[in-house]
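Please look over the model shown here before reading the notes. The points concern one helix and the cores.

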Amino acid sequence: MGDEMTRVMVAVNESNMKGYPHPSISSRGAFEWTINKIVRSNVSAFNLFFLHVQVPDEDGFDETDSIYASPEDFRNLKQRDRIRGVHLLEYFVSRCHEIGVVCQAWIMQGDPKEVICHEVKRLSPDLLVVGSRGLGPFQKVFVGTVSEFCWKHAECPVITIKRKADETPQDPVDD
């Protein structure tokens with residue numbers, strides 16, 4: 001067992017703040033916590049899995065309420081989403097390569113909580129790390145919480161990393 005790598009899955013998502021095409025505050029926090037508190041300087045002992053789940057746009061409208069009038073418009077939308085997902089994962093993969101941690105990254109589509117738990121079952125990581133926005137009980141009812149669902153249903157230990165107080169935007173739903 002001395003040569004076996006510890007496999008850590010980190011669920012990551014894109015920021016939903018307008019004009020902020022980067023990893024979410026929670027995803028960055030979960031990643032940094034994993035590197036600083038788990039991996040530390042023992043980079044050769046870990047294999048990180050980065051999973052980004054894109055939620056399909058079911059109504060044909062994006063956040064700017066644009067109307068799509070042709071199949072080409074939808075193809076362009078899907079391509080744009082894919083590019084944004086790849087850009088997101090590139091951030092984490094690049095950071096891992098800078099510090100020498102082995103990693104893999106992929107994009108899936110669907111309900112994030114269901115897909116994350118499915119991928120945990122499929123890959124059997126030693127640990128799942130997810131970020132949390134720290135929503136209150138009222139907000140959880142309307143927004144939902146992926147981290148809480150994963151904590152209850154994932155078939156491996158789950159660590160939930162809350163945002164730092166100084167990183168919390170005015171609206172806690174923003175991430």
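The numbered points below start with the basis of the model and then take up helix α3 and the nonpolar cores.

1. This is a predicted model, in which local features need pLDDT of at least 70, side-chain atom pairs count only at pLDDT 80 or more, and totals for chains, interfaces and linings use all residues. Residues are numbered from 1 along each chain as its sequence is written, and side-chain values use heavy atoms, with hydrogens and water left out.

2. Helix α3 (helices being DSSP runs of H or I, at least four residues; strands E, at least two) has 12 residues and reaches 16 Å from its first C-alpha to its last, close to the 16 Å expected at 1.5 Å a residue. That expectation is 1.5 Å times one less than the number of residues. Just after α3, Ser124 takes a positive phi of about 50°.

3. Buried residues (under 20% relative accessible area, 1.4 Å probe, protein chains only; exposed is over 50%, partly exposed in between) of α3 are Val115, Ile116, Cys117, Glu119, Val120 and Leu123. Their cover includes β1, β2, β3 (102-109), β4 and α5.

4. The axes of α3 (112-123) and α5 (146-153) come within 9 Å and cross at roughly 35°, with axes fitted to C-alpha atoms over the stretch in contact and angles running from 0 to 180 degrees between N-to-C directions. In contact (heavy atoms within 4.5 Å) are Pro112, Lys113, Glu114, Ile116 and Cys117 of α3 with Val146, Phe149, Cys150 and His153 of α5.

5. In the largest nonpolar core (buried Ala, Val, Leu, Ile, Met, Phe, Trp, Tyr and Cys joined through side-chain atoms within 4.5 Å), Leu48 and Phe50 touch the most other members of the 19. A second, separate core of 18 residues includes Phe49, Leu51, Cys117 and Leu128.
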